Amino acid sequence: QVQLVESGGGSVQAGDSLRLSCAASGLTFSSYGMGWFRQAPGKERELVARVRGTIPLTSYADSVKGRFTIFRDNAKNTVYLQMNSLKPGETAVYYCAAGVTGHVPPVTYWGQGTQVTVSS
């Protein structure tokens, strides 16, 4: 049974930092592409950052480049999202995602999400 369990969300002020974690189990983690998506109220879910499986290539949404960093620790089956200089418009539920093809999308598994609230 595959599980993706996010943690690290919370309420912060604009300009603050947060680090999200996603612990994976039940899959060959190192071969999966991993990503972080977010969904704000009334908006579609969007890809924020992703890292390939097998080779640690990363890519980011333009809106977070230079502020967010995605990285993975294959020994711990965990992927992280370091978020710096958070903005109020980035309030959303953040979801961890895993892709069996070695990248996301397409997403094979989703986590349950963790709330991030950024106040001005």
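## Strands 7 and 8

Two strands pair if DSSP finds at least two bridges between them. In this predicted model, strand 7 and strand 8 clear that bar with 6 bridges, running antiparallel. Look across the pairing and you'll find T69 opposite Q82 of strand 8.

The two strands make a hairpin with 4 residues in between, and N77 in that turn has a positive phi of about 50°. Strand 7 covers residues 68-73 and has two faces: F68, I70 and R72 are on the covered one, while T69, F71 and D73 are on the uncovered one. R72 also lies over the face of F29, 4.6 Å from the ring centre.

## Salt bridges around R38

Side chains of opposite charge can pair when their charged atoms come close. The count here is 4 salt bridges. R38 takes part in one with E46, where the closest N and O atoms are 2.7 Å apart. R38 is buried, at 7% relative accessible area, whereas E46 is partly exposed at 35%.

R38 also meets E90 in a salt bridge, at 3.4 Å from N to O. E90 sits in the loop between strand 8 (78-83) and strand 9 (92-99), and R38 sits in strand 4 (residues 33-39), so this pair ties together parts that are 52 residues apart in sequence. Both E90 and R38 are buried. Through shared partners, R38, E46, R67 and E90 join into one network.

Another of the salt bridges pairs D62 with K65, at 3.0 Å from N to O. D62 counts as exposed, with 63% relative accessibility.

## Aromatic pairs

There are 4 aromatic pairs. One of them is Y32 with Y109: the ring centres are 6.3 Å apart and the planes are at 35°, so the pair is tilted. Y32 comes from the loop between strand 3 (18-25) and strand 4, and Y109 from strand 10 (residues 109-110), which puts them 77 residues apart. Y32 is buried at 10% relative accessible area; Y109 is partly exposed at 29%.

F37 and W110 form an edge-to-face pair, 4.9 Å from centre to centre with 70° between the planes. F37 is in strand 4 and W110 in strand 10, so the pair ties together parts 73 residues apart in sequence. F37 counts as buried, at 8% relative accessibility, and W110 is partly exposed, at 38% relative accessible area.

F37 and W110 join Y95 in one aromatic cluster. W110 has a charged neighbour too: the charged end of R45 sits over its ring, 4.5 Å from the centre.

How values were computed
Residues numbered from 1 in each chain as written. Predicted model: local features only at pLDDT ≥ 70, side-chain atom pairs only at ≥ 80, totals over all residues. Heavy atoms only, no water. Salt bridge = Lys/Arg side-chain N within 4 Å of Asp/Glu carboxyl O. Buried < 20%, exposed > 50% of the residue type's maximum accessible area, 1.4 Å probe, protein only. Phe/Tyr/Trp six-rings, centres within 6.5 Å; stacked < 30°, edge-to-face > 60°. Lys NZ or Arg CZ within 6 Å of the ring centre and 35° of its normal.
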